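Here are some notes from going through the model, written as one colleague to another. Please keep the structure open beside you as you read.

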Amino acid sequence: MHDGYLFTLGICGSADEDDPAPDVLSALLGQLPPVKRAAFLGPLPPGQPDALLADIVADMHDAELIVIVSPATVPQLPARLNDLLRAAYAANLTRRYAALVAVGPHATAVLNELRAAVTTCGFTLAGAFALASDTPLPYTGIQAAYKTARAALAPHALP
């Protein structure tokens, strides 16, 4: 438990060095007050079980705001991010706020998939942003999502 702080969880659907999504998540989380954690989902070798997903879902239980950044180099969610959202749905998480960011040429399609998935999970959408490679980062949008979650869930939390 976070003991009086608004806890933000950042999740990135990619861990690839040549993908802008990890840098976008790091930059956006840097604009929010502590306390926060981040998970970067890279590809797994075939046949390897994904133990990290259970840990991330456990963190979701304590997070009031979940910032999800997905690469959008193809028009669908990365497999591990999709698996994570299915696990979150199965865990019956509610009363969480989510801010979504899709980065890449298929940002609109990926953002629509993210919206549908977090709505199915029961999260409240506090912001959604489709970014092309030359689009400025939505710093004010992420800060607004944080303020929305804080006002709704933890108005007396320490900043």
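Buried means under 20% relative accessible area, exposed over 50%, and partly exposed anything in between. With a relative accessible area of 22%, aspartate 50 is therefore partly exposed. Please bear in mind that this is a predicted model.

1. Let's begin with the salt bridge of aspartate 50. Its side chain meets that of arginine 80, with 2.7 Å from N to O. Arginine 80 sits in helix α3 and aspartate 50 in the loop between β2 and α2, so this pair ties together parts 30 residues apart in sequence. Arginine 80, unlike its partly exposed partner, counts as buried at 13% relative accessibility.

2. How many salt bridges does a search of the whole structure find? There are two. Besides the pair above, arginine 37 bridges to aspartate 59, and their closest N and O atoms are 2.9 Å apart. Because arginine 37 belongs to strand β2 and aspartate 59 to helix α2, the pair links parts that are 22 residues apart in sequence. Arginine 37 is partly exposed, with a relative accessible area of 46%, while aspartate 59 is buried at 18%.

3. Aspartate 59 has buried company in α2: Leu53, Ile56, Val57 and Met60 are buried as well. Viewed down the axis of α2, the buried residues fall within an arc of 155°, so they line one face of the helix. They pack against β1, β2 (36-40), β3 and α3.

4. Now for the interior. The largest nonpolar core has 30 residues, and Ile11, Met60, Ile68, Leu81, Leu84 and Phe123 have the most contacts inside it. Two or more residues come from each of β1 (8-12), α2 (52-60), β3 (65-71), α3, β4 and α4 (107-121). The biggest contribution is that of α4, with seven residues. A second, separate core holds 21 residues, including Val24, Leu28, Ala145 and Leu153.

5. Methionine 60 deserves a look of its own. Leaving out residues up to four places away in sequence, its contacts include Leu9, Ile11, Ile66, Leu84 and Phe123. Arg96 is also among the residues that methionine 60 touches, which leads to the next point.

6. Arginine 96 is the residue I would ask you to check with care. It is found in the loop between α3 (79-90) and β4 (97-103). Where is the nearest side chain of opposite charge? It belongs to aspartate 62, 6.3 Å away, and arginine 96 is buried yet has no salt bridge. Its side chain does reach the backbone oxygen of histidine 61, at 2.6 Å. Beyond four places in sequence, arginine 96 also touches Glu64, Ile66, Phe123 and Thr124, among others.

7. Serine 14, in the loop between β1 and α1 (21-29), is buried, with a relative accessible area of 4%. A polar contact of 3.1 Å joins its side chain to that of aspartate 19. Other contacts of serine 14, outside its neighbours within four places in sequence, include Phe40, Leu41 and Pro71.

8. Finally, leucine 77 lies in the loop between β3 and α3 and counts as buried at 9% relative accessibility. From leucine 77 to leucine 111 the C-alpha distance is 8.8 Å, with their positions 34 residues apart in sequence. Setting aside neighbours within four places, leucine 77 is in contact with Ser70, Asn82, Leu85, Val110, Glu113 and Leu114.

Key: Residues are numbered from 1 along each chain as its sequence is written. This is a predicted model: local features need pLDDT of at least 70, side-chain atom pairs count only at pLDDT 80 or more; totals for chains, interfaces and linings use all residues. Side-chain values use heavy atoms; hydrogens and water are left out. Helices (H or I, at least four residues) and strands (E, at least two) are DSSP runs, numbered from the N terminus. Buried means under 20% relative accessible area, exposed over 50%, partly exposed in between (1.4 Å probe, protein chains only). Lys and Arg count as positive and Asp and Glu as negative; His and the chain ends are not counted. A salt bridge is a side-chain nitrogen of Lys or Arg within 4 Å of a carboxyl oxygen of Asp or Glu. A polar contact is a pair of N or O atoms within 3.5 Å; within protein, one must be able to donate a hydrogen and the other to accept it, and residues adjacent in sequence count only if both atoms are side-chain atoms. Contact means heavy atoms within 4.5 Å. A nonpolar core is a set of buried Ala, Val, Leu, Ile, Met, Phe, Trp, Tyr and Cys residues joined through side-chain atoms within 4.5 Å. The arc is that of the directions from the helix axis to the C-beta atoms.
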